[in-house]
Amino acid sequence: MDGPWPQDDQAPLSVPRPDEVDPAVLGALLARHGWRRRGGAPGAYARWTPPGRLAGGTSLLVPESRDFPDSGDLLGEALMALSRSAAPSAREVLTGLAVPSDEIRWRREVPESPGSTSAWTAQERLRAAARDTLLAGALAARGRAGYYGARHRRAAEASLERVLTGPPGAGSGGRELTVFVPVQEDGRAIAVTLLRALYALRDAADYHRTTGGMEAYDAAVAAGASRELTEAVIALVQGTEGARVALEWSPAAGPPPGFAARPDPVEFSPGDLPGLREAGARYVRDEPSVPVCLTGAVVRLRRTGPGGPGTVRLRVLSGAEVAQVRITLDEEDYRIAGHAHLVGLPIRVRGRLESRGGFRRLSGAGGVTPVQVDEAERDRLVKSLQENLDFFEEACGGGP
């Protein structure tokens, strides 16, 4: 799949300093990730043991507050023990401490399959579906649309670069994945928008299965539902008996206003797939073209003869949240675009950004004018021309 994926869970993770850790947050994260509280001195400290087979191994003494003289020492020892623990959940706890994050968990209910290759394939499918779900949330956080195509994609993908993935659950067979979305910058907005959109999509699927109507899917766009989200959910559910997405807020940041402290997970089943597919097609069909005035650098010109109209590929600098567009221009506008590129100038052009093809084509384009830029940008554009002279030979020589 193209585009960045959240940072790998095996990347080195720094252990936070004891004075940076809130004992209450550490206790909340341990409980969230399955550690068991097994006694301790009430009001002073608690003893925690890891989940599963490792329950009889390492234990942590975690102070309940900083009111005691040895609380800093106990926190330091607990953090060091976590960094050395073999429990996969220990790394998730450290991640939650180091980077205050909302945690999103995906689970696919797939049949048991012997062999590591099957588990690896299942894990890759889950990772791809999870990434697409996050991307849909990031797109919706930048503005509502039934279908985004190439719009907002660069900014949305860039926001996912700060996301961290947790280790796969022990023995999960590719069924489970946890992602940590930092609450800083726009991370909380992505988590909130995605949760709202998934709830709206779940309600729409219920309405469709009950009545056969698509009205709820149409209304769900206002909550963040889109073609991109329906495709992600379809990929998550296909080949399973069902799938679920659960979100838990960062203990350090707390829940956002208007949301429950522990949001209900969202579940989808194979019976939802027909409605989701129909909704996705409907979103693409109903999303209108957008009138725009683009400024961009010409990166390719092409026409079939020495005269007449031609096609231009434009790297968009401003005017629309897309990376590149293709434009068909009449002979005069094509000539202006070619001359502007030869002298290292971008152009400005008006038209309609078409939803067909993913908002990558400008229709009805015209009024091409060169745009003045500073010397540094002009030098860069000229260098780009020199590195791509074959495109101009193709454009000006009349080749196919």
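## A charge over a ring

Let's start with Arg151, whose charged end sits over the ring of Phe359, 3.8 Å from the ring's centre. Keep in mind as you look around that this is a predicted model.

## Aromatic pairs

Phe359 also brings us to the aromatic pairs, of which the structure holds two. In one of them, Phe359 partners with Tyr147: the ring centres are 5.9 Å apart and the planes make an angle of 40 degrees, a tilted arrangement. Tyr147 belongs to the loop between α4 (116-141) and α5 (153-160), while Phe359 belongs to the loop between β12 (347-354) and β13 (361-370), so this pair ties together parts that are 212 residues apart in sequence. Both Tyr147 and Phe359 are buried.

The other pair is formed by Trp249 and Phe259, with 5.5 Å between ring centres. Is it stacked or edge-to-face? The planes of Trp249 and Phe259 stand at 70 degrees, and planes over 60 degrees apart count as edge-to-face, so this pair is edge-to-face. Trp249 and Phe259 are 10 residues apart, and each lies in the loop between β7 (243-248) and β8 (266-268). Trp249 and Phe259 are both buried.

## Helix α3 and its surroundings

How much of α3 is buried? Eight of its 11 residues are, so α3 is largely enclosed by the rest of the structure. The buried residues are Ser89, Ala90, Glu92, Val93, Leu94, Thr95, Gly96 and Leu97. They pack against two helices, α1 (23-32) and α2 (71-84), and against the strands β4, β5 (164-165) and β6 (176-182).

Follow the chain on from α3 and you meet Val99, in the loop between α3 (88-98) and β4 (101-108). Val99 is partly exposed, with a relative accessible area of 27%. Leaving aside residues up to four places away in sequence, Val99 touches Leu164 and Pro182. Val99 and Leu164 are 65 residues apart along the chain, yet their C-alpha atoms are separated by 9.2 Å.

## Helices α8 and α9

Another pairing worth a look is that of α8 (residues 227-237) with α9 (residues 273-286): the two helices pack at an angle of about 155 degrees, and their axes are 8 Å apart. Angles over 145 degrees count as roughly antiparallel, which makes α8 roughly antiparallel to α9. The crossing of α8 past α9 is left-handed.

Which residues meet here? From α8 come Arg227, Thr230, Val233, Ile234 and Val237. Facing them in α9 are Leu273, Leu276, Arg277, Ala279, Gly280, Ala281, Tyr283 and Val284.

Technical notes
Residues are numbered from 1 along each chain as its sequence is written. This is a predicted model: local features need pLDDT of at least 70, side-chain atom pairs count only at pLDDT 80 or more; totals for chains, interfaces and linings use all residues. Side-chain values use heavy atoms; hydrogens and water are left out. Rings of Phe, Tyr and Trp (its six-membered ring) pair if their centres lie within 6.5 Å; planes under 30 degrees apart count as stacked, over 60 as edge-to-face and the rest as tilted. Helices (H or I, at least four residues) and strands (E, at least two) are DSSP runs, numbered from the N terminus. Buried means under 20% relative accessible area, exposed over 50%, partly exposed in between (1.4 Å probe, protein chains only). A charge sits over a ring if NZ of Lys or CZ of Arg is within 6 Å of the ring centre and within 35 degrees of the ring normal. Contact means heavy atoms within 4.5 Å. Axes are lines fitted to C-alpha atoms, for helices over the stretch in contact, and angles run from 0 to 180 degrees between N-to-C directions. Angles under 35 degrees count as roughly parallel, over 145 as roughly antiparallel, 65 to 115 as roughly perpendicular and the rest as oblique. A crossing is left-handed if the near helix is turned anticlockwise from the far one by less than a right angle, and right-handed if clockwise.
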